[in-house]
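Colleague: I'd like to learn how to read a fold from a model. Could you walk me through this one?

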Amino acid sequence: MKVIIDASNASTDILIWLKQANDGHYYIERKPNKSRSSVDRFPISITFAEKLRMMTTEEAWFAMERYVGVN
């Protein structure tokens with residue numbers, strides 16, 4: 001696993017990352033910044049991952065949040 005975008009500092013409430021698995025697929029990892037909260041993983045396309053990589057960290061945070069259906 002490799003972290004592509006670490007947007008965990010874009011919000012004090014939600015920690016979110018774009019990661020690439022060892023087999024090459026991309027996914028969004030999201031975790032509420034609370035004790036005992038669970039981590040959710042959302043697979044995404046290579047095309048969307050490439051778009052996220054072109055954004056600023058803050059833009060990527062909002063785009064990933066929209067993708068997972070939160071905002």
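Colleague: How many helices and strands does the protein have?

Modeller: This is a predicted model, and the protein in it has 2 helices and 4 strands. Read from the N terminus, the order is β-β-β-β-α-α. The radius of gyration is 11 Å, close to the 11 Å that the globule rule gives for 71 residues, so the protein is as compact as a globular protein of that length.

Colleague: What does the C-alpha trace span along its principal axes?

Modeller: About 30 × 25 × 20 Å.

Colleague: And what share of the residues is buried?

Modeller: Buried means under 20% relative accessible area. Here 39% of the 71 residues in the protein fall in that class. As for the surface, the protein exposes about 4600 Å², with carbon and sulfur atoms supplying 48% of that area.

Colleague: Which residues of helix α2 are buried?

Modeller: Helix α2 covers residues 57-67, and its buried residues are Ala60, Trp61, Ala63, Met64 and Glu65.

Colleague: What do those buried residues of α2 pack against?

Modeller: Their partners are three strands, β1 (2-6), β2 (14-20) and β3 (26-32), plus the helix α1 (46-53). Just after α2, look at Gly69, which takes a positive phi of about 85°.

Colleague: How many positive and negative side chains are there, and how far apart are the centres of the two sets?

Modeller: There are 10 positive and 9 negative side chains in the protein. The centres of the two sets lie 4 Å apart.

Note on methods. Residues are numbered from 1 along each chain as its sequence is written. This is a predicted model: local features need pLDDT of at least 70, side-chain atom pairs count only at pLDDT 80 or more; totals for chains, interfaces and linings use all residues. Side-chain values use heavy atoms; hydrogens and water are left out. The radius of gyration is taken over C-alpha atoms; the globule rule is 2.2 Å times the number of residues to the power 0.38. Buried means under 20% relative accessible area, exposed over 50%, partly exposed in between (1.4 Å probe, protein chains only). Accessible areas come from the Shrake-Rupley method with a 1.4 Å probe; for residues, only the protein chains shown count as cover. Lys and Arg count as positive and Asp and Glu as negative; His and the chain ends are not counted. The place of a charge is taken as NZ of Lys, CZ of Arg, CG of Asp or CD of Glu. Contact means heavy atoms within 4.5 Å.
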